[in-house]
Amino acid sequence: MLRPLGNRVIIEVAQEEEKTIGGIVLASAAKEKPQTGKIVAVGEGEVLENGSTVAVPVKVGETVMFEKYAGSEVKYEGKEYLILSAKDIMAVVE
Amino acid sequence: MLRPLGNRVIIEVAQEEEKTIGGIVLASAAKEKPQTGKIVAVGEGEVLENGSTVAVPVKVGETVMFEKYAGSEVKYEGKEYLILSAKDIMAVVE
Amino acid sequence: MLRPLGNRVIIEVAQEEEKTIGGIVLASAAKEKPQTGKIVAVGEGEVLENGSTVAVPVKVGETVMFEKYAGSEVKYEGKEYLILSAKDIMAVVE
Amino acid sequence: MLRPLGNRVIIEVAQEEEKTIGGIVLASAAKEKPQTGKIVAVGEGEVLENGSTVAVPVKVGETVMFEKYAGSEVKYEGKEYLILSAKDIMAVVE
Amino acid sequence: MLRPLGNRVIIEVAQEEEKTIGGIVLASAAKEKPQTGKIVAVGEGEVLENGSTVAVPVKVGETVMFEKYAGSEVKYEGKEYLILSAKDIMAVVE
Amino acid sequence: MLRPLGNRVIIEVAQEEEKTIGGIVLASAAKEKPQTGKIVAVGEGEVLENGSTVAVPVKVGETVMFEKYAGSEVKYEGKEYLILSAKDIMAVVE
Amino acid sequence: MLRPLGNRVIIEVAQEEEKTIGGIVLASAAKEKPQTGKIVAVGEGEVLENGSTVAVPVKVGETVMFEKYAGSEVKYEGKEYLILSAKDIMAVVE
């Protein structure tokens, strides 16, 4: 298991369905980078300069929309995840 | 539904009417990027370094004018929205 | 009406009179960007990191001199305004 | 009259005397940008993040030496002034 | 022994196994930079602006995943280590 | 007299002796920029964000070593000085 | 003697031994920049924004490993030293 540190979260990025036109799969270059995913782990929060901690504002299981190109893609046990700062999460999809 | 985080707001951007000259629609390149929209959701506010929270200074339903090129365009259930930081809202149109 | 947010102000920029030489209007490129205008609206002030608010140091009706190229030009009900941060106001013309 | 805001000061820049060699005035490009001037107005000071104000450390009438290229040149009632942040004043000439 | 200062940690970077295709070792350029390693030493933590210290959130012996290209590679007694800021550790592998 | 403001100091830069080889003076381009000088005036210190003042850590008369290329060269009554921030003083030569 | 200011330290950089191959000295370009040295003097520490001072975390006599390219090389009484911020010291070699 991966346990994120600080205000980081781990996200299982939603795979956009292949768009096809008449059965022809569009080249990957034509696909937009996905910006949605499911939270699979959250860190303990951010430590402020006054020493207190602000909890991460999302929960495991929530689907979120995040800033394009934010975070780092990592591979763990054969699966790909995105680790990003909670600050790069724009909205929760409810 | 999209629930924005922190001091973000979600905006339904006003579509500028096509400008036409004698019935000829001007090319999109000739249109200025719209800077006005209606707030459809607001986050809980910004957490300051002292741990307190400052509420977002706009309300759902208000029409606002925002900085050009601010925010991220997202698509949700077939509609386009702009998610931006409340700091990029310049004024409320009353 | 436009209500500016935070420490922003809305300014009606002074139009520089056309400079003419012997009746020939100088090309616009030859005109300096005006740096003076009248305050038509002020925001509620800036929220400091300790949570308190600092009022905008200018009042509606005052004529001010501002940093060149500061702010955003917006159009509202057919008139052009400049929305800028009170930090970009250099001096009040009294 | 111009009343500077915040920690700004208004300076009447000292005109360097034309340097001449055998009566030939040197081209302006050959003159160094002057860095000295007389304070003609001072702002109320800088507001710190804790809400208190720090007074501008110079007084009207003092001659100061300032950072090269600092500030904004403005014209007011036919005279040129330099408006700059008190932080760009390096020293008082006594 | 190396004793890291502040919020730094010392990491023994995991060596990725050579990938081979039919016995042919792939060129090093084809290998991804490893992002995983074992903590071998931790500093005393970060001193905040209020003077208190925040402990490093990882322990010696833990395996961590860190930001690509973070830290400094050093050689000590013939072995290579990575010294990096605890802020560049994204997650603990449990 | 020049009275420096804030945490600035005024330095009389040590003139490096001309290096000569067999009596031939080396071109100025070959001389290293001097980094040592004598403090001739110090400011009142730096105002922190909490409103208190931190005194400049050097005294008039001390010889100091400063960061290369730091500060502004000024001319006053025919003599050249360097005005620099006390932060750019690396060490006192005792 | 050189007395470093603030959170600076003075380091006597370890000279890497010339690497030779069969007696042929490798060109200096082939040598890695050394990152290790002995502390010969430490400053009084860093003044935080709240006015308190944080002592430098290393002592005279300790051997330290520092960030590549950090600090300023100075010459004093014919010997070369490196003056650097304590923040650029990565680890103490024990």
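## A glutamate on the surface

Let's start with E49(C), which is partly exposed at a relative accessible area of 35%. That is enough for a surface patch, because patch members need over 30% relative accessible area and no salt bridge. Keep in mind that everything here comes from a predicted model. As for its place in the fold, E49(C) sits in the loop of chain C that runs between β6 (46-47) and β7 (53-54).

Which residues form the negative surface patch? E49(C) is one of them, together with E49(A), E49(B), E49(D), E49(E), E49(F) and E49(G).

## Chain A in outline

How many helices and strands does chain A have? The count is zero helices and eleven strands, so the pattern along the sequence is just β-β-β-β-β-β-β-β-β-β-β. Of the 94 residues in chain A, 36% are buried.

Contacts in chain A reach a good way along the sequence. Taking those with a separation of 6 or more, 62% are between residues 24 or more positions apart. On the outside, chain A exposes about 5300 Å², and carbon and sulfur atoms supply 51% of that area.

## Salt bridges within a chain

Over all chains, the structure holds 35 salt bridges. The background is simple: side chains of opposite charge can pair when their charged atoms come close.

Take chain B to begin with. E12(B) and K79(B) meet through their side chains in a salt bridge, at 3.6 Å from N to O. This pair links distant parts of the chain, with E12(B) in strand β2 (residues 8-13) and K79(B) in strand β10 (residues 79-85), 67 residues apart. E12(B) is partly exposed at 30% relative accessibility, and K79(B) is also partly exposed, with a relative accessible area of 40%.

Now chain E. Here K79(E) forms a salt bridge with E12(E), and the closest N and O atoms are 3.6 Å apart. K79(E) lies in strand β10 (residues 79-85) of chain E and E12(E) lies in strand β2, so the pair ties together parts that are 67 residues apart in sequence. Both ends are partly exposed: K79(E) has a relative accessible area of 40%, and E12(E) is at 30% relative accessibility.

## Salt bridges and a network between chains

Chain E also takes part in a pairing with chain G. The side chains of R8(E) and E67(G) meet in a salt bridge, at 3.5 Å from N to O. R8(E) is in strand β2 (residues 8-13) of chain E, while E67(G) is in the loop between β8 (63-66) and β9 (72-76) of chain G, so this pair joins two chains. Is R8(E) buried or exposed? R8(E) counts as buried, because its relative accessibility is 14% and the limit for buried is under 20%. Its partner E67(G) counts as partly exposed at 22%.

Back in chain E, K79(E) is partly exposed, as is E12(E). There is a network too: salt bridges that share partners join R3(A), E62(E) and E94(E).

## Q35 in chains D and F

Where does Q35(D) lie? Q35(D) is in the loop of chain D between β4 (24-25) and β5 (36-42), and Q35(F) is in the loop between β4 (24-25) and β5 (36-42) of chain F. Q35(D) is buried, with a relative accessible area of 12%. Q35(F) counts as buried at 12% relative accessibility.

Leaving out residues up to four places away in sequence, Q35(D) touches V64(D), M65(D), F66(D), E67(D), K68(D) and M90(D), plus E73(F) and V74(F) from chain F. With that exclusion applied to Q35(F), its contacts are V64(F), M65(F), F66(F), E67(F), K68(F) and M90(F), plus E73(G) and V74(G) from chain G.

## Positive phi in chain C

Most residues other than glycine have a negative phi. Y69(C) has a positive phi of about 65° although it is not a glycine. Y69(C) lies in the loop between β8 (63-66) and β9 (72-76) of chain C, and counts as exposed at 64% relative accessibility.

E77(C) is another case, with a positive phi near 50° in a residue other than glycine. Which loop holds E77(C)? E77(C) is in the loop between β9 and β10 (79-85) of chain C. Its relative accessible area is 70%, so E77(C) is exposed.

Technical notes: Residues are numbered from 1 along each chain as its sequence is written. Chains are lettered from A and ligands numbered from 1 in the order in which they are written. This is a predicted model: local features need pLDDT of at least 70, side-chain atom pairs count only at pLDDT 80 or more; totals for chains, interfaces and linings use all residues. Side-chain values use heavy atoms; hydrogens and water are left out. Patches are made of residues with over 30% relative accessible area and no salt bridge: like charges are joined within 9 Å, nonpolar side chains (Val, Leu, Ile, Met, Phe, Trp, Tyr) within 5 Å. Accessible areas come from the Shrake-Rupley method with a 1.4 Å probe; for residues, only the protein chains shown count as cover. A salt bridge is a side-chain nitrogen of Lys or Arg within 4 Å of a carboxyl oxygen of Asp or Glu. Lys and Arg count as positive and Asp and Glu as negative; His and the chain ends are not counted. The place of a charge is taken as NZ of Lys, CZ of Arg, CG of Asp or CD of Glu. Helices (H or I, at least four residues) and strands (E, at least two) are DSSP runs, numbered from the N terminus. Buried means under 20% relative accessible area, exposed over 50%, partly exposed in between (1.4 Å probe, protein chains only). Contact means heavy atoms within 4.5 Å.
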